Amino acid sequence: MSVKGVTVEPAAQGWRVSFLSAAGEKQCIDCEKVVTTVGAYALPQILPFVEKEDMDKIAALHYAPIMQIAVGLHDTGGKKHSAFGGLVPSCEKKDVLGILFPSSCFDGRAPEGGMLFSYFVGGVRHPEYLDKTDEEIEQMVRETLHSMLGYPEDVRPDLVRIFRHRRAIPQYDVGSGVRFETIDKLQRAYPGLVLAGNIKGGIGMADRIRQAVSVAAGLS
């Protein structure tokens, strides 16, 4: 929608969502219920009516930074990767957290005889990796194509696309229970407000699907 400055406030008949359109015009939507799935860090601006003490308990959620790198080969030389991919344990002391094989799982991800890999780098242990230059990342990709995926040293990727996510994976620590309790408290205090997304209920895709079904059922 390309909107900016989204805020949600209680209204006489439910809720009022205000925002600036792409053209810079202020617009409002009145509704009975509102669902937010934004990250915890964005909630203070979107829900300004929430007391700071309560909001701080939610917004304190820490996120691990992740760099995702799409790496493509037009021709693997007959090499097959018939798997989903894999994660790399820290004891291996590798630069990557894991490598997935999207083109082995889904059609249309690579040309016939080619391959698309999805590298994941950084995380809690190495947040500084996101500050590496593109050239340094591409060099790492070339090295791991040889050392981890078994390609000859002269093989170069035909595609490298780098995506840096400073707030990627929420970290559920020992203080998460306080966050969950605060979310429940706010939803009881403000009927029609649904605080969803990965701030509660798990961080995986299956968790999001399960939550979406539950939220949708509650809105009907």
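**Bridges, pairing and a helix face**

Visitor: Which residue is the bridge partner of A11 in β2?

Guide: The partner of A11 in β2 is G14. The model is predicted: local features need pLDDT of at least 70 and side-chain atom pairs pLDDT 80 or more, while totals for chains, interfaces and linings use all residues. Residues are numbered from 1 along each chain as its sequence is written, and side-chain values use heavy atoms, without hydrogens and water.

Visitor: What makes β1 and β2 a pair?

Guide: Strands (DSSP runs of E, at least two residues, numbered from the N terminus) pair if DSSP finds at least two bridges between them. Six bridges join β1 to β2 (residues 14–20), so the criterion is met; the two run antiparallel.

Visitor: Which strands of the open sheet β1-β2-β3 are at its edges?

Guide: In this antiparallel sheet of three strands, β1 (4–11) and β3 (26–31) are the edge strands, as each pairs on one side only.

Visitor: How do you know that the span of α4 agrees with expectation?

Guide: A helix is a DSSP run of H or I of at least four residues, and its expected span is 1.5 Å times one less than its number of residues. For the 14 residues of α4 (134–147) this gives 20 Å, and the end C-alpha atoms are 20 Å apart, which agrees.

Visitor: Why are the buried residues of α4 said to lie on the same side?

Guide: The buried residues (under 20% relative accessible area, with exposed over 50% and partly exposed in between; 1.4 Å probe, protein chains only) are I137, M140, V141, T144 and L145. Their arc, taken from the directions from the helix axis to the C-beta atoms, is only 140 degrees, which puts them on the same side of α4.
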